[in-house]
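Student: Please take me through one part of this model at close range. Start with the place where the two chains meet, then work outwards.

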Amino acid sequence: IELERSHYSDHEIRKLEEEEQLKRRKESMHDDDDEAPGKTVVMAQDLEEKWEQKLLRFKAAPRITDADKNDIRTSLNRKLDRNLMLLVKQKIGNQELWLLPQAEWQPGETLRSTAERAMSTFLGDHIQAKFLGNAPYGLYKYKFPRAIRTEDNVGAKVFFFKAFLQSNDLSQAELKEDYLWVTKDELGGYLNSEYLKKVNRFLLDL
Amino acid sequence: SSWLPQLVQFRGSHWQTSLLAFKASLPMRVQPKKKKKVDIKREQAQKDRMKKKIRKLEKAAPEMIPIEDFITPPKYSDSSRVRSLPPLSFEETERRVLLMKKWSLYKQKQDEAEKKAIQTLVAAQQEALKELRLESEELYQAAIRRDDGLFPFERDGPSYTPPLPGYDPPEGKCIDITKVYTQ
């Protein structure tokens with residue numbers, strides 16, 4: 001409680017007055033014999049004790065959940081004080097890689113709608129997510145290995161968008177294969193170094 | 001028999017005077033036979049007076065709405081409410097000064113890190129937009145467009161402990177007693 005820069009509050013003044021009254025009653029026991037047994041006044045001290053007991057009875061939910069202790073990375077209940085990102089295992093070319101969910105851009109749609117489509121393919125249709133603007137946040141360029149290169153497609157550019165997930169429950173999500181919810185530090189264990197470098201630039205950590 | 005007409009006359013005059021006085025003393029609401037011009041003039045004079053009053057009130061500057069947060073209610077400036085605390089010890093003051101220094105250093109580091117992060121963020125975004133422009137102008141224009149659904153942006157931050165499953169909050173009514181001032 002702030003003691004130095006505050007005055008007494010109403011509750012404290014009441015408590016002080018009642019203490020003084022009690023003292024006076026104890027000193028002059030003979031006078032107040034008529035009043036004391038009859039009244040049952042609620043004292044400020046009693047109120048405080050009642051409140052303390054109520055506080056002790058209340059138990060808050062623990063900050064470190066079960067998923068944290070068992071290191072289950074597929075649940076959203078991990079690391080409640082950090083931001084979590086979705087990683088999905090996708091097949092690109094011949095390899096199966098861990099990536100942020102991506103979908104190929106179809107001509108005729110904006111980049112943001114591509115991102116929304118990617119999200120709906122991986123998380124289901126009824127997901128409420130708030131997209132932060134129309135512009136991409138980051139970029140990753142890579143060249144295809146020589147075997148696949150044709151004249152037009154030398155490589156690919158991956159644009160990244162950010163979105164906040166609004167709803168907590170993903171029970172309706174049809175997540176196939178492997179997916180993980182990871183924080184920024186754990187990303188390094190899953191992504192390639194180049195990819196990781198570019199991604200790290202636009203991901204804010206707490 | 002000369003007194004009769006005298007009496008009648010006297011009564012007539014007496015009656016008349018009393019009647020007149022009687023009529024004049026009553027508050028006159030019905031004015032059936034008074035002249036119309038007097039009425040119009042009186043009413044117009046009344047209207048002008050009212051208009052002048054209205055104009056004066058409008059010209060006077062509007063009253064300031066008091067901000068209730070800045071006015072301390074007088075009952076809290078009583079001297080009986082002042083606490084009597086023992087003075088701070090030397091160790092306590094030393095501890096506080098050192099704590100303040102550490103805290104300011106920590107905050108400075110945090111601030112620097114934040115600014116750096118924002119700079120990298122912006123740089124990455126600019127790069128992405130440049131590359132997008134090289135790809136296709138149309139997509140670039142679509143990306144640059146303002147997103148109206150973004151602001152006002154609201155988001156509930158996390159609380160210190162996660163919500164208890166199956167918690168039943170105690171019921172109660174919330175009565176709003178804020179005072180509303182109109183100008």
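Tutor: Start with the residues that touch. From helix α6 of chain A, the contact uses K198(A), R201(A) and F202(A). On the other side, α3(B) brings T120(B), L121(B), A123(B), A124(B) and E127(B). Sorted by class, this contact of α6(A) with α3(B) has four nonpolar residues, one polar and three charged. Keep in mind that this is a predicted model.

Now the geometry. Helix α6(A) spans residues 193–202, and helix α3(B) spans residues 90–135. They pack at an angle of about 120°. Their axes lie 7 Å apart.

Next, turn to what α6(A) does within its own chain. F202(A), part of the contact with α3(B), also belongs to the largest nonpolar core. This core has 22 residues. The members that touch the most other members are L87(A), F160(A), L187(A), Y195(A), V199(A) and F202(A). Two or more residues come from each of β1, β2, β5, β7 and α6 of chain A. Of these, α6(A) gives the most, with four residues. As a general point, nonpolar side chains tend to be buried together in soluble globular proteins.

A second core is separate from this one. It counts 20 residues, and its members include F131(A), A135(A), A128(B) and L129(B).

Look at F160(A) more closely. Setting aside residues up to four places away in sequence, F160(A) touches Y195(A), V199(A) and F202(A). F160(A) also touches L100(A), and a run of others: P136(A), Y137(A), G138(A), L139(A) and Y140(A).

Three of the strands that feed the core also form a sheet. The sheet is open, and its strand order is β2-β1-β7 in chain A, with antiparallel pairing. Strands β2 (95–99) and β7 (179–182) of chain A stand at the edges. Each has a single partner strand, so one side of each is left without a neighbour in the sheet. Neighbouring strands are turned by 25° against each other on average, direction ignored.

Follow the pairing of β1 with β2. Strand β1(A) covers residues 85–92, and five bridges join it to β2(A) in an antiparallel run. Within this pair, Q90(A) stands opposite L97(A). The hairpin of β1(A) and β2(A) has two residues between the strands. There, G93(A) takes a positive phi near 70°.

Past the other edge strand comes T183(A). It sits in the loop between β7 and α5 (184–187) of chain A. T183(A) is buried, because its relative accessible area is 1% and the cut-off for buried is under 20%. What covers T183(A)? Leaving out neighbours within four places in sequence, T183(A) is in contact with K79(A), R82(A), N83(A), L84(A) and M85(A). M85(A) falls within the stretch of β1(A), residues 85–92.

Cross back to chain B. Helix α3(B) also packs with α4(B), residues 137–144, at an angle of about 145°. Here the axes lie 6 Å apart. From α3(B), the contact uses L129(B), L132(B), R133(B) and E135(B). From α4(B) come E137(B), L139(B), Y140(B), Q141(B) and A143(B). By class, the contact of α3(B) with α4(B) divides into five nonpolar, one polar and three charged residues. L129(B), one of these contact residues, is also a member of the second core.

Finally, set the part in its frame. Chain A has six helices and seven strands. Their order from the N terminus is α-α-α-β-β-α-β-β-β-β-β-α-α. Chain B has four helices and zero strands. Of the 206 residues in chain A, 31% are buried. For the 183 residues of chain B, 8% count as buried. Chain A exposes about 14,400 Å², with carbon and sulfur atoms supplying 49% of it. For chain B the accessible surface is about 18,500 Å², and 59% of that belongs to carbon and sulfur atoms. Among contacts in chain A between residues at least 6 apart in sequence, 57% join residues at least 24 apart.

Definitions and conventions: Residues numbered from 1 in each chain as written. Chains lettered and ligands numbered in written order. Predicted model: local features only at pLDDT ≥ 70, side-chain atom pairs only at ≥ 80, totals over all residues. Heavy atoms only, no water. Buried < 20%, exposed > 50% of the residue type's maximum accessible area, 1.4 Å probe, protein only. Contact = heavy atoms within 4.5 Å. Areas by Shrake-Rupley, 256 points an atom, 1.4 Å probe, with all protein chains shown as cover. Pairing = 2+ DSSP bridges. Axes fitted to C-alpha atoms, helices over the stretch in contact; angles between N-to-C directions. Nonpolar A, V, L, I, M, F, W, Y, C, P; charged D, E, K, R; others polar. Core = buried A, V, L, I, M, F, W, Y, C linked by side-chain atoms within 4.5 Å.
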